[in-house]
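User: Could you take me through one spot in this protein in detail? I'd like to start from a single side chain and then see what sits around that part of the fold.

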Amino acid sequence: MISVNYLPEGSAAALGRLLSDATEEVLFVADPRYKLELQAMTLDRMIEVLGARGAGLVYADSTDRSWIDYQSGSLRDDFDFGPLVVVSVPRAREALTRHGGLDGKLRWGAMYDLRLKLSIDHPIVRIPEPLYSAKDPDTSLGGERHFDYLDSSQLDYQGEMELVVTNHLKRIGAFLPRPNGHIPPSEAVFPVKATIVIPVRNREGTIGDALKSALGQEADFGFNVIVVDNHSTDSTSSVIASHADPRLIPKVPETRDLEIGGCWNEAIFAPACGRFALQLDSDDLFLNSGVLSRVVEAMESNRYAMLAGSYTTVDFDLNEIVPGLVAHKEWTADNGHNNLLRVNGLGAPRAYDVSVLRRFGFPNVSYGEDYAVGLRMSREYEIGRIYDSLYLCRRWAENTDADHSPELSNLRNSYKDWLRTLELQARIQERRGGEGVHGGMQDVL
């Protein structure tokens with residue numbers, strides 16, 4: 001008889017016992033916080049797919065939610081498989097023999113470690129069929145997720161997960177040493193030292209505050225503000241035009257097919273753009289008038305190609321809200337560029353050396369465009385950090401960080417996993433001198 005095992009926390013000891021004591025070739029593992037209702041054919045169907053695909057792990061959609069397909073770049077420790085998975089016991093045991101057993105000290109990362117090791121030689125497979133239903137999690141059983149990498153109280157958890165993914169990158173030949181590349185001398189002539197870039201569309205209620213914050217920066221060098229108005233249909237354009245300041249350079253793209261990344265390209269390739277470009281979203285503000293000077297000084301003195309600051313989350317009226325300061329303290333100078341493949345972003349505000357940024361440009365998307373550039377730059381250049389708050393980041397219904405539908409979340413998570421897949425392949429090829437991807441890796445592009 002097949003049974004479902006409930007694994008608390010994901011500790012190595014608990015998972016190790018399940019694998020060593022298993023008498024069947026399959027192991028069903030469930031999240032104890034959910035009450036599952038299985039269909040008559042649920043377990044048989046998952047076992048069938050496990051065998052047909054030669055998979056290491058299989059998961060399925062529920063009647064309440066569809067998940068996303070697993071890619072080789074799905075390295076996030078918070079990748080959502082849903083509350084029920086099936087693991088091939090012989091393949092799991094083989095993976096632990098070939099790639100190292102479970103570290104008994106792992107408190108949270110055992111399943112994470114196991115599925116990364118399984119993924120080296122066997123696919124991780126989603127069944128796009130609703131095979132069970134799951135009621136909302138029982139928070140009394142540890143409902144607080146440990147997966148929020150923005151939560152500074154979870155630094156022990158973050159350290160453990162970083163160790164797991166770093167060891168995985170070493171195993172598959174994707175681990176990179178600390179970048180030693182600094183920005184090269186540039187022959188380009190820049191009209192000013194720095195530019196604040198504001199892409200905008202239909203933000204009549206916030207663009208005025210953003211422009212006031214940008215134009216209010218105090219610096220002993222020349223700077224300007226390029227605001228790319230992506231064909232707003234409300235009064236945004238009028239608000240921009242009402243700011244009579246020679247440092248303000250409004251741009252309207254010639255085409256109507258640009259997302260945020262495309263608007264960034266309009267700014268950084270413009271002749272008016274300065275050597276350093278600092279991001280300001282159209283609904284956010286800098287913390288004070290000294291942010292631009294501080295960022296440029298840090299970039300110049302350290303010859304960074306990119307720098308990411310920290311921000312404070314606020315509501316529409318600029319009142320601080322949870323989680324407050326977001327400092328991304330999981331980033332370290334030595335390993336941040338590797339750990340970036342595990343987490344979903346770098347934080348804000350972000351600044352770039354335009355002489356380097358023009359080599360890459362931004363993908364023409366409105367979510368993940370900054371992450372794509374951060375991944376690419378971190379492969380070659382050191383990224384600087386400022387852990388003090390520089391920025392007030394509004395959380396409200398219309399911005400990209402607000403809560404959205406499961407379908408939109410799936411779309412965005414799939415895209416970032418694709419970016420990681422692309423970057424993972426590039427790093428493997430770079431480490432192998434361009435010889436190609438490790439033959440044992442499954443589903444790498």
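Analyst: Sure. Let's start with a polar contact: a polar atom in the side chain of Thr195 lies 2.7 Å from the backbone nitrogen of Gly274. Keep in mind that this is a predicted model.

Thr195 is found in strand β8. Is that residue buried or exposed? Its relative accessible area is 0%, under the 20% cut-off, so Thr195 counts as buried. If you set aside the neighbours within four places in sequence, Thr195 is in contact with Asn224, Ile226, Ala272, Cys273, Gly274, Phe276, Ala277 and Leu278. So Gly274, the partner in that polar contact, turns up in this list too.

Strand β8, residues 194-200, is also one of the elements that the buried residues of helix α8 pack against. The others are β9 (223-229), β11 (276-279), β15 (350-353), α11 (354-360) and α12. Helix α8 itself spans residues 260-268 and is mostly covered, with seven of its nine residues buried. Those buried ones are Gly261, Gly262, Cys263, Trp264, Asn265, Ala267 and Ile268.

From α8 we can move on to α12, since the buried residues of α8 pack against that helix. Helix α12 covers residues 369-380 and pairs with helix α13, residues 406-431: their axes come within 10 Å and cross at roughly 15 degrees. That angle makes α12 roughly parallel to α13, and the crossing is right-handed. On the α12 side, the contact uses Tyr371, Ala372, Leu375, Arg376, Ser378 and Arg379. Facing them in α13 are Lys416, Leu419, Arg420, Glu423, Ala426, Arg427 and Glu430. Sorted by class, the residues of this contact are seven charged, five nonpolar and one polar.

For comparison, here is another helix pair. Helix α4 (residues 110-121) packs with helix α5 (residues 155-171) at an angle of about 15 degrees, and their axes are 10 Å apart. That makes α4 roughly parallel to α5, and their crossing is right-handed. Helix α4 brings Tyr112, Asp113, Leu116, Lys117, Ser119 and Ile120 to the contact, while α5 supplies Met161, Val164, Val165, His168 and Arg171. Here the classes come out as six nonpolar, two polar and three charged residues.

Technical notes:
Residues are numbered from 1 along each chain as its sequence is written. This is a predicted model: local features need pLDDT of at least 70, side-chain atom pairs count only at pLDDT 80 or more; totals for chains, interfaces and linings use all residues. Side-chain values use heavy atoms; hydrogens and water are left out. Axes are lines fitted to C-alpha atoms, for helices over the stretch in contact, and angles run from 0 to 180 degrees between N-to-C directions. Helices (H or I, at least four residues) and strands (E, at least two) are DSSP runs, numbered from the N terminus. Angles under 35 degrees count as roughly parallel, over 145 as roughly antiparallel, 65 to 115 as roughly perpendicular and the rest as oblique. A crossing is left-handed if the near helix is turned anticlockwise from the far one by less than a right angle, and right-handed if clockwise. Contact means heavy atoms within 4.5 Å. Ala, Val, Leu, Ile, Met, Phe, Trp, Tyr, Cys and Pro count as nonpolar, Asp, Glu, Lys and Arg as charged, and the others, Gly among them, as polar. Buried means under 20% relative accessible area, exposed over 50%, partly exposed in between (1.4 Å probe, protein chains only). A polar contact is a pair of N or O atoms within 3.5 Å; within protein, one must be able to donate a hydrogen and the other to accept it, and residues adjacent in sequence count only if both atoms are side-chain atoms.
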